Amino acid sequence: MGTRTEVKDLRRFLAEAKRRFPEEIVRVKREVDLRFEISAVLVKLDRAHKFPVVIFDKLQAASGKPSAFPLLSNLFASRNLCALALDSSVARVGLDYDLRTQSAKTPLVVAKETAPVKQVVKKGKEVNLFDFPVPLPYHMEGGRTILGSVVTTVDNQAGTTYNCAYQTLRVLEPRKATVGLGEGTHNWERYRERVENTGEGLPVVAWIGHHPAACMGALTRVPIDVDEYSVIGGALGEPLRVTPSETWGEKFLVPADAEIVIEGIIPPKERGRHGLRADYARYYSPETLRPVINVQAITYRRDAVYHDIHLGGRDQDHLGGIPLEGSIYRAVKQAVPTVKNVHLPSSGCSRFHAYVQIKKTSAGQGREAIVAALSVDRRLKHIVVVDEDINIFDDAEVLWAVATRSRWDRDLVVVPNMISTTRDPTAYASSSPELAYHSYTVAKGGIDATMPAPPEPFEIRIKVPDDVMRKVELKDYIRSDTLAKIPLDA
Amino acid sequence: MASSMRVVCPGCDEEFLVSPQFERLKIAAKCPFCEKEFPIEQSKKIVRPSPILLVK
């Protein structure tokens, strides 16, 4: 399928991003301590409201030796770059993601000899997970966790349907890690089924680093009998190239253009300590017992980049939030056909709050949108519905709509005891502790911050005439160097 | 609830806001766009505020 330079992978994306938006790719040449310094740099960038992709060139591996891999983080922190990855715009990237992932593309199998991820192959005792530069991000981390791992399984029957999910690997030993397989997830279901039916362990692959569209494609919510490699191809806009694994050959195909692939088996019944670590809600999750993976092989590109996720930053927010925006839009559209857009802001970790923008054409649409949105994902907690004139990418403007267009006694919708997530500190557990994953509930709701539908009158918003706004350029009134020095509002 | 009346200037067809007090006191509306003054009843359209906003 064409020359390798045309294939969508991480480095092709970085090259295009650097060409179009060079100020959004930053390389750190200074040696960085994996204990907290990576996060310190990224958190300080966050606080300065700057979200570039950052590549750290000089690191020590988790083993203590100089790392052979640079570390790349903040790949998804810029919504502008996420839009570039999906050939979209900042405003539409969530919606376009949803459209793309509905057009699945059958994966393309390529020979191992031509697969970049096979340039280096390590098996058996050559395998050492501590060779990767796995950081310690926050002060209470209980160990080294590989965060950018897309854990993939194949179905236990025909062996043709792949499921992918971002699930972390907590490194325990050179060839052993725990896997963040939560009960109720598709990968967990495959594991349970295999152990029950055969008594054998489950083959698993974790791939790290790819084109951001492929990474986001791995987060699509589809039924367990839908092949996610095909959905990832939809997100990419071209078939995902796959190649036989080292351990199982053609029975388990792996992304040919990933940076790194880890192959292993999850044995039945063995559990290890997983966590304590930071999570997207900006709190710590406690340690749990999770299945282990015994690593059989690792393959990677000769100049592989280790892709890490900036936990608690926009990087993690957008990775999970952008795929969710499209799902919410689609659900709301069934109830309110005049929905315009949906945004999950970082102020709600791109999981808890959703801003839904509608063109109001009749009474009640605000409440309809709230109820439709809340059903989409267990993490969603607060829905704010606003009119078309509100910029849903501006928290202040949304809050202005709440301040001036809503009333707590008439425009608030509250639904008690909806399924929640363990990541929400306010969620309350049910009385059945053995149902660890499903038993958290919380009251959820939304606020209708829309104006009444026409022809009901409402106040008129102030504005400068459009022609004057188009004519006035700040640089014509204030020198660019002076403008650059004006501090951003806190 | 909206507390303003909406009127349309008979001179330039632009819509603008007027206090209901002006209608009660029979004070002429003045268009902010073309500065024409006119009795409110001569407006091309009059939308009066609801006493209370019930349903959105």
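The side chains of A:Asp448 and B:Lys56 meet in a salt bridge, with 3.8 Å from N to O, and this pair offers a way into the structure, which is a predicted model. Between chain B and chain A the count is two salt bridges, together with seven residue pairs in polar contact, both residues of each pair being at pLDDT 80 or more. In terms of contacts, 15 residues of chain B touch 18 residues of chain A. The size of an interface is often given as the accessible area lost when the parts come together. Here the area buried between chain B and chain A is about 1,300 Å², and carbon and sulfur atoms give 52% of that area.

**Chain B**

Chain B has 56 residues, of which 30% count as buried. Its secondary structure consists of one helix and five strands, and these follow one another along the sequence in the pattern β-β-α-β-β-β. Among the contacts in chain B that join residues at least 6 apart in sequence, 44% are between residues at least 24 apart. The accessible surface of chain B comes to about 3,600 Å², with 52% of it belonging to carbon and sulfur atoms. One backbone detail of chain B concerns B:Asp13, which is placed in the loop between strand S1 (5–8) and strand S2 (15–18). The phi angle of B:Asp13 is near 70°, a positive value in a residue other than glycine, and B:Asp13 is partly exposed, with a relative accessible area of 46%.

**Helix H10 of chain A**

In chain A, helix H10 covers residues 395–405, and its buried residues are A:Glu397, A:Val398, A:Ala401, A:Val402 and A:Arg405. Seen down the axis of H10(A), these buried residues fall within an arc of 150°, so they line one face of the helix. An α-helix has 3.6 residues a turn, so residues three or four places apart point the same way. On the other side of H10(A), A:Ala396, A:Leu399 and A:Ala403 are exposed. The buried residues of the helix pack against three strands of chain A, namely S21 (353–358), S22 (382–387) and S25 (440–448). At the N-terminal end, H10(A) is capped by A:Asp394, a side-chain oxygen of which lies 2.9 Å from the backbone nitrogen of A:Ala396.

**Salt bridges within chain A**

Side chains of opposite charge can pair when their charged atoms come close. Over all chains, the structure holds 43 salt bridges, and the table lists some of those within chain A.

| Acidic residue | Basic residue | N to O distance |
|---|---|---|
| A:Asp377 | A:Arg221 | 2.9 Å |
| A:Asp424 | A:Lys381 | 3.0 Å |
| A:Asp389 | A:Arg461 | 3.1 Å |

In the salt bridge of A:Asp377 with A:Arg221, A:Asp377 lies in the loop between helix H9 (365–374) and S22, and A:Arg221 in the loop between helix H6 (212–217) and helix H7 (228–236), so the pair ties together parts that are 156 residues apart in sequence. A:Asp377 counts as buried, at 3% relative accessibility, whereas A:Arg221 counts as exposed, at 54%.

The salt bridge of A:Asp424 with A:Lys381 also links distant parts of the chain, as A:Asp424 is in the loop between strand S23 (412–419) and strand S24 (428–429), while A:Lys381 is in the loop between H9 and S22, 43 residues apart. A:Asp424 counts as buried at 5% relative accessibility, and A:Lys381 counts as buried at 12%.

For the salt bridge of A:Asp389 with A:Arg461, the two residues are 72 apart, A:Asp389 being in the loop between S22 and H10 and A:Arg461 in the loop between S25 and helix H11 (466–471). A:Asp389 counts as partly exposed at 32% relative accessibility, and A:Arg461 is partly exposed with a relative accessible area of 34%.

Salt bridges also link A:Asp9, A:Arg11, A:Arg241, A:Asp257, A:Glu259, A:Arg301 and A:Asp303 in a network.

**Backbone details of chain A**

The peptide bond from A:Pro454 to A:Pro455 is cis, with omega near 10°, and A:Pro455 is found in the loop between S25 and H11. A:Ser350, found in the loop between strand S20 (339–343) and S21, has phi near 50°, a positive value in a residue other than glycine. A:Ser350 is buried, with a relative accessible area of 1%.

Methods. Residues numbered from 1 in each chain as written. Chains lettered and ligands numbered in written order. Heavy atoms only, no water. Helix = DSSP H or I, 4+ residues; strand = E, 2+ residues; numbered from the N terminus. Buried < 20%, exposed > 50% of the residue type's maximum accessible area, 1.4 Å probe, protein only. Contact = heavy atoms within 4.5 Å. Areas by Shrake-Rupley, 256 points an atom, 1.4 Å probe, with all protein chains shown as cover. Arc of directions from axis to C-beta. Polar contact = N/O pair within 3.5 Å; in protein donor to acceptor, adjacent residues only side chain to side chain. Buried area = accessible area lost by both parts, 1.4 Å probe. Salt bridge = Lys/Arg side-chain N within 4 Å of Asp/Glu carboxyl O.
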